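This report describes the fold of a single protein chain, moving from one pair of strands to the sheet, the helices and selected residues.

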Amino acid sequence: MLVSIAPRLDRPQWLRAPAPAGENYQELKRLIGRLRLHTVCESAACPNVGECWNHRTATFMILGNVCTRRCGFCAVEKGAPLPVDYDEPRRVAEAVEAMGLKFAVVTSVNRDDRADGGAELFALTIRAIRERLPGCGVEVLVPDFQGSHRAVDTVLEAAPQVFNHNTETVPRLYRQVRLGARYERSLDVLAYAAQSSPRTPTKSGLMLGLGETTAEVLEVMRDLRASRVGILTLGQYLRPSPEHLPIVRYVPPEEFDELRRAGCEMGFSHVESGPLVRSSYHAAQALPG
């Protein structure tokens, strides 16, 4: 059990998000329930769910809501994976149409039980959205597919607007934070995607406040640029429950601003950096042009 013996840190005032409420929020909640879909907004207890749903944006989570890995930061349920639902891409596309989205974000749980890591369902979902809404952009936030280049090719062949894979933290903390993942493998997935589809922007993100140093964060940012990643997200880690990794510190907004400036100087085309930033936060605004 991942618990802290240190005193609990009080959440600062600048890290408070409004409670989920509002007509759009309730409407989307009913829609997601009716179509039997999952969103990372709810499954991962995202603090921005109220804001995003009231602006009629959501990140769809395919391949069920049970993950085959046990990352110490994540609120998504862990255990034996659910059977693949091949009707899910159609229902995601129906939800995207009902929400009137011009840009959709699709992610998934890890599916290490499948040879392709779930890449086939990503491709089917992208194509289902395009068939229903030809003008809708799609960003995919994919797992590492256990390093399979063939799985990356399967996703890229469906032509997403953005290919996103999160590094999440610095290499020193991987064994605590990303059990079953490898830093070098994540960099390889991103570099291979950038090499294979140069016109598809690549994206990655990190959580801060887990005990990393600023120097370590800057080194990861340099590694991402060397892997030709163009879009970066940086946000504060928030502990979903007492059973998850403790927050070592709250990173103040000024430090996020400094990291944004450093990222722009390194050559990232867009850096979304702030305490409440998450992988898909303001996703459409990060696209070049």
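Which residue is the bridge partner of Val105 in β6? The partner of Val105 is Glu139. The model in which this pairing is found is a predicted one.

**Strand β5 and its partners**

Val105 belongs to strand β5, residues 103-108, which is joined to strand β6, residues 137-141, by 5 bridges. The two strands run parallel. Another bridge between this pair links Thr107 to Leu141 in β6. β5 is also joined to β2, again in parallel, through 4 bridges. There, Phe60 has Val106 of β5 as its bridge partner.

In a regular strand, side chains alternate between the two faces of the sheet. In β5, one side carries Phe103, Val105 and Thr107, and the other carries Ala104, Val106 and Ser108. All of these residues are buried, so that both faces of the strand are covered. The count for β5 is accordingly 6 buried residues of 6.

**The sheet as a whole**

The protein chain contains 10 helices and 10 strands. Of the strands, 8 form an open sheet with mixed pairing, in the order β1-β2-β5-β6-β7-β8-β9-β10. Strands β1 (38-39) and β10 (270-273) stand at the edges; each has a single partner strand, so one side of each lacks a neighbour in the sheet.

For β10, that partner is strand β9, residues 231-236, and the two pair in the parallel sense over 4 bridges. Leu234 stands opposite Ser273 in β10. Although β10 is an edge strand, both of its faces are covered. His270 and Glu272 are buried on one side, as are Val271 and Ser273 on the other.

**Overall burial and contacts**

The chain has 289 residues, of which 53% count as buried. Its accessible surface comes to about 13,200 Å², with 51% belonging to carbon and sulfur atoms. Among contacts in the chain with a separation of 6 or more, 75% are between residues 24 or more positions apart.

One pair far apart along the chain is Pro12 and Pro252: they are 240 residues apart in sequence, and their C-alpha atoms are separated by 9.0 Å. Pro12 lies in the segment before α1. Lys29, in helix α1 (residues 23-34), is 10 residues from Thr39 in sequence, with a C-alpha to C-alpha distance of 10.0 Å.

**Helices α8 and α9**

Helix α8, residues 183-196, lies across β7 (162-164) and β8 (202-208) and runs at about 155° to β8. α8 also packs with helix α9, residues 214-226, at an angle of about 35° and with the axes 9 Å apart. Tyr183, Leu187 and Leu190 of α8 meet Val220, Asp223 and Leu224 of α9. By class, this contact has 5 nonpolar residues, 1 charged residue and no polar residues.

**Positive phi angles and selected residues**

Most residues other than glycine have a negative phi. Leu63, with phi near 70°, has a positive value. Leu63 is placed in the loop between β2 (59-62) and β3 (66-67). Arg228 likewise has a positive phi, near 65°, and is placed in the loop between α9 and β9.

Are these two residues buried or partly exposed? Leu63 is buried, whereas Arg228 is partly exposed. The table gives their relative accessible areas beside those of other residues.

| Residue | Relative accessible area | Class |
|---|---|---|
| Leu63 | 2% | buried |
| Cys136 | 3% | buried |
| Pro12 | 16% | buried |
| Lys29 | 37% | partly exposed |
| Cys264 | 45% | partly exposed |
| Arg228 | 48% | partly exposed |

The class of each residue depends on the cut-off: buried means under 20% relative accessible area, and exposed means over 50%. Pro12, at 16%, therefore counts as buried. Arg228, at 48%, falls in the partly exposed range, because that class lies between the two cut-offs.

The table includes two cysteines, Cys136, which is buried, and Cys264, which is partly exposed. How many disulfides does a search of the whole structure find? The search finds 0.

Conventions. Residues numbered from 1 in each chain as written. Predicted model: local features only at pLDDT ≥ 70, side-chain atom pairs only at ≥ 80, totals over all residues. Heavy atoms only, no water. Buried < 20%, exposed > 50% of the residue type's maximum accessible area, 1.4 Å probe, protein only. Contact = heavy atoms within 4.5 Å. Areas by Shrake-Rupley, 256 points an atom, 1.4 Å probe, with all protein chains shown as cover. Pairing = 2+ DSSP bridges. Axes fitted to C-alpha atoms, helices over the stretch in contact; angles between N-to-C directions. Disulfide = S-S within 2.5 Å. Nonpolar A, V, L, I, M, F, W, Y, C, P; charged D, E, K, R; others polar.
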